[in-house]
Amino acid sequence: LQELRESGDADFLAKGSWEEDMVAKCRSRLSIRPHSSRAVLFYSQHPNGEPDQASLHGGCPVLHGTKWAANLWVWNAPRGGYPGSPKNERVVKQNEAAGKKEEEYPGRKHATFTNKGTDNRFEHAKLYFQETFWGNIGFGDPSLAVNTYE
């Protein structure tokens, strides 16, 4: 904390304030300095689906300039609630013991697109959603399955 005060970077922070404490913690723990074209990737769950408490994270305050951020959430397995999706067995057992049924997901939508090959106009069809190409759906192409929410 003394080093932070001596640096002059946080002169605008009141001594002993929660803001000063936060900046000091950000400087004394693992942190990633911002840099153009740099990204941080971490997993927030263990492979069995349980939360990884070591992934707890937060953003540090900006002392100079403007903070820009973008999040990209990636699932490397089917999202919960779909056939074949991974389940946290501990939670399933707790719910069964409490008499709770498996949760339904309101607004969940699943669609499978298949070309039956009966209309020659669609022999080389391609499937798009708005401007996004989803895949080829012509004769002999595999079906395309999509999971989403309303």
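In this predicted model, valine 40 lies in the loop that runs between α2 (18-28) and α3 (89-97). Its relative accessibility is 55%, and because exposed means over 50%, valine 40 counts as exposed. Together with Leu30, Ile32 and Phe42, Val40 makes a nonpolar surface patch of about 460 Å².

In soluble globular proteins, nonpolar side chains tend to be buried together. Buried nonpolar residues are also found in this model: the largest nonpolar core consists of Leu4, Ala10, Leu13, Val23 and Ala24. One of these core residues, leucine 13, is in contact with Glu19, Glu20 and Val23, when neighbours within four places in sequence are left aside.

A second loop residue, phenylalanine 139, is placed between β3 (132-136) and β4 (144-149). Phenylalanine 139 has a relative accessible area of 27% and is therefore partly exposed, since that class covers values between the 20% and 50% limits. Not counting residues up to four places away in sequence, phenylalanine 139 touches Asn115, Gly117, Thr118, Asp119, Asn120, Phe122 and Glu123. For one of these, asparagine 115, the separation from phenylalanine 139 is 24 residues in sequence and 6.1 Å in space, C-alpha to C-alpha.

Turning to the whole protein, three helices and four strands are present, and along the sequence they follow the pattern α-α-α-β-β-β-β. Of the 150 residues, 14% count as buried. The accessible surface comes to about 13300 Å², and 53% of this area belongs to carbon and sulfur atoms. Among contacts between residues at least 6 apart in sequence, 41% join residues at least 24 apart.

Note on methods:
Residues numbered from 1 in each chain as written. Predicted model: local features only at pLDDT ≥ 70, side-chain atom pairs only at ≥ 80, totals over all residues. Heavy atoms only, no water. Core = buried A, V, L, I, M, F, W, Y, C linked by side-chain atoms within 4.5 Å. Buried < 20%, exposed > 50% of the residue type's maximum accessible area, 1.4 Å probe, protein only. Contact = heavy atoms within 4.5 Å. Helix = DSSP H or I, 4+ residues; strand = E, 2+ residues; numbered from the N terminus. Patch = residues over 30% accessible without salt bridge, like charges linked within 9 Å, V, L, I, M, F, W, Y side chains within 5 Å. Areas by Shrake-Rupley, 256 points an atom, 1.4 Å probe, with all protein chains shown as cover. Salt bridge = Lys/Arg side-chain N within 4 Å of Asp/Glu carboxyl O.
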